[in-house]
Amino acid sequence: MGAKFGSRFGKEPMETVEALRKSPLLAALGEEQLAGLAGMARQRTFAEGDTLISEGDARAAAMYVIIDGTVEVKSGDTVLAERHAGDAVGELALVAPTSRTADVVAKTETTVVVLARWDFVPYVRANPDVAMAVIEELAARIDEVNQRMAGN
């Protein structure tokens with residue numbers, strides 16, 4: 001079917017702010033910071049079976065925060081995870097130009113907030129406290145992975 005786009009500034013700005021707030025990556029941000037990011041984001045709806053992210057895509061440039069629906073994170077035919085409303089996928093694309101590590105496919109009709117790297121990076125440069133909040137969350141995730149790998 002193909003994805004449908006909402007307004008660049010979101011047809012429902014408060015819905016966009018709420019979605020960003022639910023993302024662990026952005027949860028520590030204040031209202032003004034979230035509103036600033038929401039002003040750069042857009043909503044997009046994917047039909048069941050549509051691909052949001054393709055594994056190996058070297059042009060990764062956006063994070064998706066799920067407003068409504070469910071997606072599967074897959075590598076080949078193996079389902080690695082399911083993500084739902086409030087979850088984010090593709091977060092690393094905001095901070096590093098890297099290839100996508102998995103496919104993300106809509107399991108149901110799914111509406112997301114799309115935040116692009118080319119908008120995020122200049123915003124972070126102008127708002128260093130946003131950078132610190134994101135760095136702290138990414139560091140916590142790395143620590144969690146390290147502890148799991150160490151068997152703790």
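Let's start where two helices touch: Phe 120, Tyr 123, Val 124, Arg 125 and Ala 126 of helix 4 sit against Pro 128, Val 130, Ala 131 and Val 134 of helix 5. Sorted by type, the residues of this contact come out as 8 nonpolar, no polar and 1 charged. Keep in mind that this is a predicted model, so we'll get to its confidence values further down.

How do the two helices lie against each other? The axis of helix 4 (residues 117-126) and that of helix 5 (residues 128-149) come within 5 Å, crossing at roughly 110°. Angles of 65 to 115 degrees count as roughly perpendicular, so that is the word for helix 4 relative to helix 5.

Stay with helix 4 for a moment and look at what is tucked away. Asp 119, Phe 120, Val 121, Tyr 123 and Val 124 are its buried residues. Phe 120, Tyr 123 and Val 124 also turn up in the contact with helix 5. Helix 5 isn't their sole company, though: the buried residues of helix 4 also pack against helix 2 (31-40), helix 3 (92-95) and strand 9 (110-116).

Strand 9 is a handy bridge to the next part of the fold. Its antiparallel partner is strand 2, and 5 bridges join the two. If you want a spot to find on screen, look for Thr 45, which stands opposite Thr 111 in strand 9. Is strand 2 (residues 42-46) mostly covered or mostly open? Mostly covered, with 4 of its 5 residues buried.

Now for the open sheet. Four strands make it up, in the order 3-8-5-6, with antiparallel pairing. Strand 3 (51-53) and strand 6 (78-83) are at the edges with a single partner strand each, so each has one side without a neighbour in the sheet. On average, neighbouring strands here are turned by 30° against each other, ignoring direction. As a general reminder, strands of a sheet pair through backbone hydrogen bonds, either parallel or antiparallel.

You can walk into this sheet from the strand 3 edge. Strand 3 and strand 8 pair over 2 bridges: Thr 51 has Val 105 as its bridge partner, and Ile 53 has Val 104. On to strand 5 (residues 71-75), which is joined to strand 8 by 4 bridges, again antiparallel. Among the residues involved is Val 71, whose bridge partner in strand 8 is Ala 106.

Just before strand 8 there is a loop worth a stop. Ser 99 lies in it, between helix 3 and strand 8. Which category of exposure does Ser 99 fall into? Its relative accessible area is 35%, so Ser 99 is partly exposed. Leaving aside residues up to four places away in sequence, Ser 99 touches Gly 56, Asp 57 and Ala 58. Glu 72, by contrast, is 27 residues from Ser 99 along the chain, and their C-alpha atoms are separated by 18 Å.

Finally, how far does the prediction back all this up? Mean pLDDT for the protein chain is 85, with 91% of residues at 70 or more. Strand 8, which we've just been following, has the highest confidence, at 95, while strand 1 (residues 4-5) has the lowest, at a mean of 40. Over residues 1-11 the pLDDT stays under 50, and the model has 30 contacts beyond four places in sequence for that stretch.

Note on methods
Residues are numbered from 1 along each chain as its sequence is written. This is a predicted model: local features need pLDDT of at least 70, side-chain atom pairs count only at pLDDT 80 or more; totals for chains, interfaces and linings use all residues. Side-chain values use heavy atoms; hydrogens and water are left out. Axes are lines fitted to C-alpha atoms, for helices over the stretch in contact, and angles run from 0 to 180 degrees between N-to-C directions. Angles under 35 degrees count as roughly parallel, over 145 as roughly antiparallel, 65 to 115 as roughly perpendicular and the rest as oblique. Contact means heavy atoms within 4.5 Å. Ala, Val, Leu, Ile, Met, Phe, Trp, Tyr, Cys and Pro count as nonpolar, Asp, Glu, Lys and Arg as charged, and the others, Gly among them, as polar. pLDDT is the predictor's confidence in each residue, from 0 to 100. Buried means under 20% relative accessible area, exposed over 50%, partly exposed in between (1.4 Å probe, protein chains only). Two strands pair if DSSP finds at least two bridges between them.
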